[in-house]
Amino acid sequence: MAEYKTPTSEPEFHANFAQIKPRMNNTEALFESSRCLFCFDAPCIKACPSGIDIPQFIRQINTGNTTGAARTIYEANYFGNACGKVCPTEVLCEGACVYNLQDVKPIEIGRLQSFATREAIEHNKALFGPGAPNGRKVAIIGAGPAGISAACELRSLGYEVDVFEAKSQPSGLTVYGVAPYKITNEEVLAEMTYLENQFGFRVQYNQPIASRRELEALEESYDAIFLGIGLGATNPLLLPGEERHNCVGAVEFIEQLRMRHHQTAVGRKVIVLGGGNTAMDAASESARMGAEDVILAYRRGKEEMGAYEFEYDLAKGVGVKGLFNVAPVEIVGNGKVEGVKFIRTATLHGQVQVVPGSEFVEPCDMVIKATGQAKQTQLLSLIPGLEVDNRGRIVADARTGQTTNPKYFTSGDARNGGAEVVNAAAEAKATARGIHKFLAGKY
C-alpha cells in the first residue's frame with residue numbers, strides 16, 4: 001500500500017499524483033508496437049467506441065511514421081491524446097486484445113495512442129484544416145468533449161462554428177472532472193489549443209447560455225445549435241445534516257482539486273458515499289492528498305458496484321477501505337461533519353432492504369458524496385418542443401443526434417446520461433454529420 005504525505009507545494013502534489021499512464025519514450029514505443037500481432041478483424045477496433053484503426057496506427061509507430069499514426073487516430077477521434085490517457089482501456093481496446101486469451105500482457109494501446117498524438121501536438125503537425133466555406137453557421141453550447149468534437153467535424157465540413165462555454169477553460173470533463181493522476185491540465189489544454197489552431201473554430205469563454213432570450217439570439221443567428229452541455233452538480237442525498245461543513249459533492253471536490261491542486265483541503269478521515277467510478281476517483285484522490293483514513297461506503301455488496309474493477313483496485317492500492325451493504329441515514333456533527341450514521345442493508349431479489357436495528361455511526365471529519373449528477377433541466381426547459389426521457393436525458397435520433405426540436409442537436413452526457421469521454425467524442429462526430437445532412441436537405 002502506498003503512503004502519501006499531505007502535499008504542501010506543487011512539486012509534492014505532482015509526486016503524489018504521478019501519471020498512471022506515463023508518456024513513452026521512443027524506445028518504449030518501438031518495443032511495445034513490435035509486440036502487436038496486427039490481427040485481421042482486430043477485436044481492439046470493435047471494442048473502441050470511436051472505431052480507431054488500432055493495428056494501423058501501431059504499425060505506423062513501429063515503422064517510424066509517428067505523424068501518420070497521429071493522423072489515423074485523429075481521423076477517428078478528435079480527443080485522441082486525452083482518450084489515450086483517460087479511457088478505461090482495460091475494459092475497452094486493451095481488454096479485447098487477443099493476448100488476454102494467452103495470459104500475456106495486452107498491448108499498451110492507450111500509451112501508444114498518447115505517444116503518437118503528443119508528438120503531433122508538440123511539433124504542431126498540420127494534419128487537418130477547415131473545409132471550403134459553405135456559408136452556414138452552427139452554434140455549440142458547451143466546450144466539453146462532445147462540443148469540441150462536433151466543432152472539429154463541422155469545421156472540416158465548411159461550417160462557421162462558435163462555441164459558447166460557461167467556464168473559463170475548455171474541455172469539460174477532461175479539465176474539470178478527471179482525476180489528476182490520469183491526465184494533467186497542461187496536456188488537456190495543449191490538445192485543445194492544437195485542435196483550435198487546426199480547425200479554426202471560435203470559443204467564447206465565461207459565456208453561459210441560460211435564458212430564453214439568449215437562446216432566441218442563437219436561433220436567429222445560426223442554422224443549427226448543438227447542445228454539448230453535459231451534466232450538472234452532484235445530486236443531493238436529502239439526508240439530515242447534509243448541509244454541514246465538509247460534506248461536499250465528488251464532482252465539486254474533483255474540480256477544486258484540478259483547479260487548486262495542493263491548496264485543496266481534505267479531512268483526516270474521509271468517507272466517500274457511492275460505488276461508481278467517480279467515487280473511486282474521489283477516494284483515491286483523498287488518500288493521495290494525505291487523508292489518514294479513507295472509507296468507501298456503498299449500499300450494496302462489492303460485486304454490485306458500478307465501478308470498473310481496475311478503478312477499485314487503484315483505490316485499494318493507495319489504502320482506501322471498503323464498507324459495503326450500508327446506507328447513510330444522517331450526517332452527524334455539531335456544525336461540522338463528525339461522522340455518518342449508517343444502517344446495514346441486504347440485497348434481496350435485486351432490491352436493497354435495510355436491516356432494522358442495525359444503525360451505527362462511523363466517525364469522520366469529511367464526507368464526499370459520489371451520488372450521481374443532476375441533469376441540466378433548467379436550460380432544457382427553455383427550448384420549445386425539446387423532450388427529455390424519464391431519466392432526464394435529451395431525446396434524440398440515434399443516427400443524427402437531432403432532438404425533438406429540429407433546430408437542436410445533441411451528444412455526450414446530456415444525451416447518454418453519463419458515459420466515457422470517448423463515447424461523447426464518437427457520438428458528437430456522428431451528430432455533426434447528422435447536422436450536415438439535415439442542412440443539406442438529405443434528411
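Is C93 buried or exposed? In this predicted model, C93 is buried, with a relative accessible area of 8%. The other cysteines bear on what C93 can do with its sulfur. The closest cysteine sulfur belongs to C48 and lies 6.5 Å from that of C93, which is too far for a bond. A disulfide requires two cysteine sulfur atoms within 2.5 Å. C247 is likewise in no disulfide. For C247, the nearest cysteine sulfur is that of C364, 8.7 Å away. C247 counts as buried, at 12% relative accessibility. Across the whole structure, the search finds zero disulfides.

Two open sheets are described next. One has five strands in the order β3-β2-β1-β4-β14. The pairing in this sheet is parallel. Its edges are formed by β3, residues 202-204, and β14, residues 408-410. Each of these edge strands has a single partner strand, so one side of each is left without a neighbour in the sheet. From one strand to the next, the twist averages 25 degrees.

Within this sheet, strand β1 covers residues 137-141 and strand β2 covers residues 160-164. Five bridges join β1 to β2, and the two strands run parallel. V138 stands opposite V161 of β2. Helix α12, residues 212-221, packs on the sheet. This helix touches β1, β2, β4 (224-227) and β14. The direction of α12 makes about 155 degrees with that of β1.

The other open sheet also consists of five strands, ordered β5-β13-β6-β7-β8. Here too the pairing is parallel. The edge strands are β5 (247-249) and β8 (321-324), and each pairs on one side only. The twist averages 25 degrees from strand to strand.

Strand β6 spans residues 269-273, and strand β7 spans residues 293-298. The two pair in the parallel sense over five bridges. One pairing sets K269 against D293, its bridge partner in β7. On its other pairing, β7 is joined to β8 by four bridges, and these strands run parallel. There, L296 has G322 of β8 as its bridge partner. Helix α15, residues 309-317, takes part with β7 and β8 in a right-handed β-α-β unit.

Helix α14, residues 277-288, lies across β6, β7 and β13 (366-369). Its direction runs at about 165 degrees to β7. S284 is found in this helix. At 0% relative accessibility, S284 counts as buried. Leaving aside residues up to four places away in sequence, S284 touches Y181, L314, A315, V318 and V320. Of these contacts, L314 and A315 fall within the residue range of helix α15, 309-317.

Aromatic pairs form the last topic. The whole structure contains ten of them. One is formed by F164 and Y222, in an edge-to-face arrangement. Their ring centres are 6.3 Å apart, and 85 degrees separate the planes. F164 lies in strand β2, whereas Y222 lies in the loop between α12 and β4, so the pair ties together parts that are 58 residues apart in sequence. F164 is buried, with a relative accessible area of 8%. Y222 is buried as well, with a relative accessible area of 9%.

Y308 and F310 make another pair. Their ring centres are 5.6 Å apart and their planes stand at 10 degrees, so the pair is stacked. Y308 counts as partly exposed, at 25% relative accessibility. F310 is partly exposed too, with a relative accessible area of 22%. A cluster of rings is also present, in which ring pairs link F13, F17 and Y181. Y181 is also one of the residues touched by the buried S284 of helix α14.

Definitions and conventions: Residues are numbered from 1 along each chain as its sequence is written. This is a predicted model: local features need pLDDT of at least 70, side-chain atom pairs count only at pLDDT 80 or more; totals for chains, interfaces and linings use all residues. Side-chain values use heavy atoms; hydrogens and water are left out. Two strands pair if DSSP finds at least two bridges between them. Axes are lines fitted to C-alpha atoms, for helices over the stretch in contact, and angles run from 0 to 180 degrees between N-to-C directions. Contact means heavy atoms within 4.5 Å. A crossover is right-handed if, with the strands pointing away from the viewer, the path from the first strand over the helix to the second runs clockwise. Buried means under 20% relative accessible area, exposed over 50%, partly exposed in between (1.4 Å probe, protein chains only). Rings of Phe, Tyr and Trp (its six-membered ring) pair if their centres lie within 6.5 Å; planes under 30 degrees apart count as stacked, over 60 as edge-to-face and the rest as tilted.
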